[in-house]
Amino acid sequence: GVYDSDFNEMTLQVNGNKVTGTYKWADGRIEGTLSGHTLKGRWTQSNGKGRFVFEFNSDFSAFTGKWSYNDAEPASKWNGKKK
């Protein structure tokens, strides 16, 4: 689905429990693994990379998330909701 997020528009594709996506911020890409409503993985941009954790609501219409640089524990806000 397509989400409005703190880092502009994000498009996510789900294939089983694997999720890949792109977002319109510094050529951003994410990939992760979905377990229940929790998506954990890594982001890469033209200016850096790091980790993220997204917690989706029951119908996946929104998420509250955190991100970090490199291997640090995610702590900075990254939220979104479906367009």
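**Figure 1. Burial and exposed surface in the protein chain.** Of the 83 residues in the protein chain, 34% are buried. The model shown here is predicted. The surface that the protein chain exposes amounts to about 4,900 Å², and carbon and sulfur atoms contribute 50% of that area.

**Figure 2. Overall dimensions of the protein chain.** The C-alpha trace extends over about 30 × 25 × 25 Å along its principal axes. A compact globule of 83 residues would have a radius of gyration near 12 Å, and the 11 Å of the protein chain agrees with this. Where contacts link residues at least 6 apart in sequence, 22% of them join residues at least 24 apart.

**Figure 3. Strands of the protein chain.** The protein chain contains nine strands and zero helices. Followed along the sequence, its pattern reads β-β-β-β-β-β-β-β-β. Strands β1 (2–5) and β2 (8–15) flank the loop that holds Phe7, while strand β7 covers residues 62–69. Strands β3 (18–23) and β4 (28–35) have between them the loop in which Ala26 is placed.

**Figure 4. The aromatic pair of Phe7 and Trp67.** The count of aromatic pairs comes to 16. One of them joins Phe7 and Trp67, whose ring centres are 5.8 Å apart and whose planes form an angle of 90 degrees. This pair is edge-to-face, because planes over 60 degrees apart are classed in that way. Phe7 belongs to the loop between β1 and β2, whereas Trp67 belongs to strand β7, so the pair ties together parts that are 60 residues apart in sequence. Phe7 is buried, with a relative accessibility of 14%. Trp67 likewise counts as buried, its relative accessible area being 14%.

**Figure 5. Ala26 and Asp27 in the loop between β3 and β4.** Ala26 lies in the loop between β3 and β4, and Asp27 is found there as well. Ala26 is a residue other than glycine with a positive phi, near 50 degrees. For Asp27, also a residue other than glycine, phi is positive and near 55 degrees. Is each of these residues buried, partly exposed or exposed? Ala26 has a relative accessibility of 27% and is therefore partly exposed. Asp27, at 55% relative accessibility, is exposed.

**Figure 6. Charges of the protein chain.** The protein chain carries 12 positive and 9 negative charges. How far apart are the mean positions of the positive and negative charges? The two mean positions are separated by 1 Å.

Technical notes
Residues numbered from 1 in each chain as written. Predicted model: local features only at pLDDT ≥ 70, side-chain atom pairs only at ≥ 80, totals over all residues. Heavy atoms only, no water. Phe/Tyr/Trp six-rings, centres within 6.5 Å; stacked < 30°, edge-to-face > 60°. Helix = DSSP H or I, 4+ residues; strand = E, 2+ residues; numbered from the N terminus. Buried < 20%, exposed > 50% of the residue type's maximum accessible area, 1.4 Å probe, protein only. Rg over C-alpha atoms; globule rule 2.2 N^0.38 Å. Contact = heavy atoms within 4.5 Å. Areas by Shrake-Rupley, 256 points an atom, 1.4 Å probe, with all protein chains shown as cover. Lys, Arg positive; Asp, Glu negative; His and termini not counted. Charge placed at Lys NZ, Arg CZ, Asp CG, Glu CD.
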